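User: Please give a close reading of one loop in this model, then follow the chain outward from there into its surroundings. A formal account, with the angles and distances where they are available, would be appreciated.

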Amino acid sequence: MRSLSLVPRLAALALVATLTACATAERPFVPGPESTAQRPADTPFAAAGRIAVNADGRGHYGNFEWQHRAERDELSILSPVGSTVARLTRDDSGIALEADGQTRRALDVETLTADALGYPLPLENLVWWIRGLAAPGVPVEKTADGIEQEGWRIRFIADDAGGPVPRRVELARDGLSIKLVTHRWQ
């Protein structure tokens, strides 16, 4: 009789293991008809989540908050405990980066962030990539789970619910990897 009660337990255990495996499998993000992917790049959005940067073997982790409008971007990089490490602002006057008590200005985001943070942040194209799309007007090569564009390999990973934007975006180029996991999208 004991062996009969063991069978339902093993079946339940197998079901839980199967469901867990299904829940943790990565799925490439594919924009659907309800996706913000159909909107122009200058559609305002607010996003927040986690960021992980690995530059030549050195890891940096934290959070991000990003407010995007056609005329202005404000991207804050926060420490894991929530204090602002850097704030990047783009508007008609150019690019400003506030970090380490200093404000630096430039016309080029990638050069400015490389000098100040130690890695280039491709903000102009990231406006598209965070939505799971290739940046317009730039040559692109599609891959099984993303794209390659301007020397970056970009992976788009969907969430389980199949939301309108990727849950995770991974960028890699020349010994640098950047991962964004979006928790909030408006």
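Analyst: **The loop of D174 and its surroundings**

D174 is located in the loop between strand 10 and strand 11. The model is a predicted one, and the values that follow are computed from it. Phi of D174 is positive, at about 45°, although the residue is not a glycine. As background, most residues other than glycine have a negative phi. D174 has a relative accessible area of 73%, above the 50% cut-off, and therefore counts as exposed.

A second loop offers a parallel case. D100, placed between strand 5 and strand 6, likewise has a positive phi, near 55°, without being a glycine. Its relative accessibility is 70%, so D100 is also classed as exposed. A contrast is found at S79, in the loop between strand 3 (72-78) and strand 4: with 13% relative accessibility, S79 counts as buried. Apart from neighbours within four places in sequence, S79 touches G62, N63 and V85.

Returning to the loop of D174, the strands on either side of it are strand 10 (residues 168-173) and strand 11 (residues 176-185), which pair in the antiparallel sense over 6 bridges. Within this pairing, E170 is opposite K179 of strand 11. In general, the strands of a sheet pair through backbone hydrogen bonds, in either a parallel or an antiparallel sense.

Both strands belong to an open sheet of 11 strands with antiparallel pairing, in the order 6-5-4-3-2-1-11-10-9-8-7. Strand 6 (102-106) and strand 7 (140-143) form the edges, each pairing on one side only. From one strand to the next, the twist averages 20°. Helix 2 (residues 109-117) packs on this sheet, and strand 10 is one of the strands that it touches, together with strand 4 (84-91), strand 5 (94-99), strand 6 and strand 9 (152-157). The direction of helix 2 makes about 15° with that of strand 5.

The buried residues of helix 2 include V109, L112, T113 and A116. These residues lie on the same side of helix 2, because they cover an arc of only 95° around its axis. Their cover includes strand 4, strand 5, strand 6 and helix 3 (123-129).

Strand 11 can also be followed to W185, which forms a stacked aromatic pair with F45, at 4.5 Å centre to centre and 20° between the planes. This pair joins distant parts of the chain, with F45 in strand 1 (residues 45-55) and W185 in strand 11, 140 residues apart. F45 has a relative accessible area of 4% and is therefore buried. Ring pairs connect F45, W66 and W185 into a cluster, and the count of aromatic pairs comes to 3.

W66 leads on to the largest nonpolar core. Of its 38 residues, those that touch the most other members are F64, W66, L88, W129 and I178. Setting aside residues up to four places away in sequence, the contacts of F64 include L180, V181 and T182, as well as A47, A48, G49, R50 and I51. F64 also touches L75, S76, I77 and I130.

In summary, the account runs from D174, an exposed residue with a positive phi, through the antiparallel pair of strand 10 and strand 11, to the ring cluster of F45, W66 and W185.

Notes:
Residues are numbered from 1 along each chain as its sequence is written. This is a predicted model: local features need pLDDT of at least 70, side-chain atom pairs count only at pLDDT 80 or more; totals for chains, interfaces and linings use all residues. Side-chain values use heavy atoms; hydrogens and water are left out. Two strands pair if DSSP finds at least two bridges between them. Helices (H or I, at least four residues) and strands (E, at least two) are DSSP runs, numbered from the N terminus. Axes are lines fitted to C-alpha atoms, for helices over the stretch in contact, and angles run from 0 to 180 degrees between N-to-C directions. Contact means heavy atoms within 4.5 Å. A nonpolar core is a set of buried Ala, Val, Leu, Ile, Met, Phe, Trp, Tyr and Cys residues joined through side-chain atoms within 4.5 Å. Buried means under 20% relative accessible area, exposed over 50%, partly exposed in between (1.4 Å probe, protein chains only). Rings of Phe, Tyr and Trp (its six-membered ring) pair if their centres lie within 6.5 Å; planes under 30 degrees apart count as stacked, over 60 as edge-to-face and the rest as tilted. The arc is that of the directions from the helix axis to the C-beta atoms.
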